[in-house]
Amino acid sequence: MKTKILSLLILFLSTFCYAQKTDYMKELNSAYNQLNDNPQSIHVAAEVQRKLIQMEKGILSSNIKDVSDVYYQILVYTNSILGDYPKVHSYYGKIKNPDEQSTYLEALAYVKSKNYNSAENLLTQYLFKNNSREFSETDTNLLYASVLARQKKYKNAVDIYSKLEGQKKLQSDSRIEYAKVLFLQGEYSQAQKISDLAKNPLSDYLSGLCCVNEAQWKKAGEYLNNYIQKQQKNAPYYEEARYYNAYALYKAGEYKKAYNLISVYAEETTQLDLGRKAHELAAKSAVLCGDFNSAATQAEKLIQVCFNEEEKQEAIIFCAEIYSDSGNYQKALNTLKPYTNEKSDFALRCWSKSALLYEKLNNYVQADAIYEKIERDYSSKPEAEEACFRRGELYYSQKNYGKAAEKFAGYISKYSNGKFLENAYYFCGESYLRSGDDQRCILQTKKMLSKYPNGTFYYGGNKNLLQAYYNAGNYAEAQRIAEFLMNNYQAQALADGVQDQLSVLRKINGGTRRDIAEKRTEFENAGGYSTKQGRLIGFELFKLYNDSGMDESAATMARELNNAKDSRDKDELYYMGEINVYLRNYLKAAEYYRSSGKDNQNKAAAALYSAIDDFIQNGKIGDARETAKTLKSLYPESRQAKNVDALFNY
């Protein structure tokens, strides 16, 4: 482009000088040749401009066609070389029909002044004015693409770069610029491809960043390490490459390697922002290595290198969290304590963190005191509301349900439109339930269900209400809720045992005593007579029937248990003895007692004694005497053996 301008300049001046028959020909030709040979020479450009301006009056007053445009185009060029951008704009404004070369230099002047919007507008207007869709010169296209990119119009810039790449007009540097724009547009894979093609000193760095953004951590590390090995320490992006190389290792799970690299880098880098990030990354790497001491050291250094208050505050919290993660809660508290003296937003954060730390130390008294302080001293802050709610949660977590209910009720009263209101209603009701205050549970839970019919805790609230009604003896209402849950939340209700509760309630509401209804349902759910667990529960149910005077039910249960065909486990034998005593099968009862190993002397002896008495009552004296011999033989020291002869004297 610049050669064309110079050729045009020489042609014009030669023609002009010949037409005017001046003495400037020889001198100007010499200057023009120098400018042509040294297109970026400030000295030559200044000399050409000086001599050209001396001829200005004659040039502009001549009748040569388009002479003024050519004259101003030359001055645009010389002032561009001289870096006098205001004059570039001034002379360009005097050109009636700007050509591409002058437009390029005018846009370049805007770019040099970082006035990218004006540069874009100029180049766009030139294209529109000339009814053209493209520039003829590669340099102009590259400048236009660069300006568009700086205006964040990446797609338009990419379109230009892509076309030039297709025409094989991009060189190493321009390919890197193309790759950068693709990167900024988020097309990391294509950016990496173009960056590799560029074979530029920056290629490895840019390709590495592309891999970082595509989470190709191993590949990213290889690129970045190559860049570090090839470049000098003062090379562009050298510091950044070291940081991202360690970051790639960290993301790849190579925490020890990442820590070794980044901890050294953090001490060596002169870039404050990267140094801060490096200490943070070193701390995180150490945590994941389980080296909490090194993590804490790096976190403390992070606090020291933060250069604004906001970053320092985040570093303090980060450091405290590291101590907390390592289980050193007291050290975490000590880190936060100096910043709780002022009544500031950061002090509030420190108080909130401290309360959580005291909870981890099981120091609930101190935690509650802090929440109370937050609620009192920061009443206008959202944290005050959260602290009020947290006090209820604190006691709930300790299973101090009476105190929890009190705190949740206090929150409901104070924050009638609070963001934790539904939660407070639910946990307040549940706390009442767990503390045995069924009536208050019913009252609070009904309020919640009415206020939040589509709420998160609607099912849980009904479940609590079911239990509260059951505890309070309102079995009809409890059954209604159980049926509602089974009809509308069947899967969850089944998992929570609501079907069993419903079975119990139906029995109760049908006239069965509550304890018997519960045991009967438990028996049925355990498999009844067909399983060991069912039979063991059945023995308990039999006792309830028998103790309650439900003779028919007790007799039926005893017969069914005795007739069950499964082989008897040792755990059942004692209970079988009890059943057979009830059924007056005394010899069988004695056999079960002896086999069970439980109280075999007293229970078995008593069963044999009862069998002897039964034989005598039925006139089976022979059987009675044989059984008596057995009793005396097996349990000679028993009370029954010593008294058995008296049975035969009646």
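**Exercise 1. Contacts and overall form**

Task: Find what share of the contacts between residues at least 6 apart in sequence join residues at least 24 apart in the protein chain, and then describe the overall form of the chain.

Solution:
- Step 1. Among contacts in this predicted model between residues at least 6 apart in sequence, 48% join residues at least 24 apart.
- Step 2. Now turn to the secondary structure: the protein chain has 38 helices and zero strands.
- Step 3. Next, take the radius of gyration. The protein chain has 48 Å, whereas a compact globule of 650 residues would have a value near 26 Å.
- Step 4. Look at the principal axes as well: the C-alpha trace spans about 170 × 50 × 50 Å along them.
- Step 5. Finish with the surface. Of the 650 residues, 47% count as buried. The chain exposes about 33,900 Å², and carbon and sulfur atoms supply 45% of that area.

**Exercise 2. Two aromatic pairs**

Task: Classify the ring pair Tyr426 and Phe457 from its centre distance and plane angle, then do likewise for Phe542 and Tyr582.

Solution:
- Step 1. A pair of aromatic rings is described by the distance of the centres and the angle of the planes. The structure holds 34 aromatic pairs.
- Step 2. For Tyr426 and Phe457 the ring centres are 4.5 Å apart and the planes stand at 15 degrees, so this pair is stacked. The cut-off you need here is that planes under 30 degrees apart count as stacked.
- Step 3. Place the two rings in the chain. Tyr426 belongs to helix 25 (residues 421-434), and Phe457 to the loop between helix 26 (438-451) and helix 27 (458-472), so the pair ties together parts 31 residues apart in sequence.
- Step 4. Check how covered they are. Tyr426 counts as buried at 13% relative accessibility, and Phe457 is buried with a relative accessible area of 16%.
- Step 5. Now the second pair: Phe542 and Tyr582 are 5.0 Å apart centre to centre with 75 degrees between the planes, which is an edge-to-face arrangement.
- Step 6. Phe542 lies in helix 32 (residues 532-547) and Tyr582 in helix 34 (residues 570-582), so this pair ties together parts 40 residues apart in sequence.
- Step 7. Phe542 counts as buried at 6% relative accessibility, while Tyr582 is partly exposed at 27%.

**Exercise 3. Beyond single ring pairs**

Task: Which cluster do ring pairs build with Tyr426 and Phe457 in it, and where does the charged end of Lys343 sit?

Solution:
- Step 1. Follow the ring pairs: they link Phe389, Tyr396, Tyr401, Phe408, Tyr411, Tyr415, Phe420, Tyr426, Phe427 and Phe457 into a cluster.
- Step 2. For the charge, go to Tyr378. The charged end of Lys343 sits over the ring of Tyr378, 5.9 Å from the ring centre.

**Exercise 4. Salt bridges and their settings**

Task: Work out where in the chain the partners of Asp204 with Lys230, Arg390 with Glu359 and Lys588 with Glu591 lie, and whether they are buried or exposed.

Solution:
- Step 1. Start with the total: the structure holds 42 salt bridges.
- Step 2. In the bridge between Asp204 and Lys230, the closest N and O atoms are 2.9 Å apart. Asp204 is in helix 13 (residues 203-213) and Lys230 in helix 14 (residues 217-230), a link between distant parts of the chain, 26 residues apart.
- Step 3. The partners have these settings: Asp204 counts as buried at 14% relative accessibility, whereas Lys230 counts as exposed at 59%.
- Step 4. Arg390 and Glu359 bring their closest N and O atoms to 2.3 Å. Arg390 lies in helix 23 (residues 382-397) and Glu359 in helix 21 (residues 345-360), so the bridge ties together parts 31 residues apart in sequence.
- Step 5. Arg390 is buried at 16% relative accessible area, and Glu359 counts as buried at 15%.
- Step 6. For Lys588 and Glu591 the closest N and O atoms are 3.9 Å apart. Being three residues apart in helix 35 (residues 586-596), these two are separated by about one helical turn.
- Step 7. Lys588 counts as partly exposed at 37% relative accessibility, and Glu591 is partly exposed at 45%.
- Step 8. Finally, look for a network: salt bridges link Asp273, Arg276, Lys277 and Glu311.

Methods: Residues numbered from 1 in each chain as written. Predicted model: local features only at pLDDT ≥ 70, side-chain atom pairs only at ≥ 80, totals over all residues. Heavy atoms only, no water. Phe/Tyr/Trp six-rings, centres within 6.5 Å; stacked < 30°, edge-to-face > 60°. Helix = DSSP H or I, 4+ residues; strand = E, 2+ residues; numbered from the N terminus. Buried < 20%, exposed > 50% of the residue type's maximum accessible area, 1.4 Å probe, protein only. Lys NZ or Arg CZ within 6 Å of the ring centre and 35° of its normal. Rg over C-alpha atoms; globule rule 2.2 N^0.38 Å. Contact = heavy atoms within 4.5 Å. Areas by Shrake-Rupley, 256 points an atom, 1.4 Å probe, with all protein chains shown as cover. Salt bridge = Lys/Arg side-chain N within 4 Å of Asp/Glu carboxyl O.
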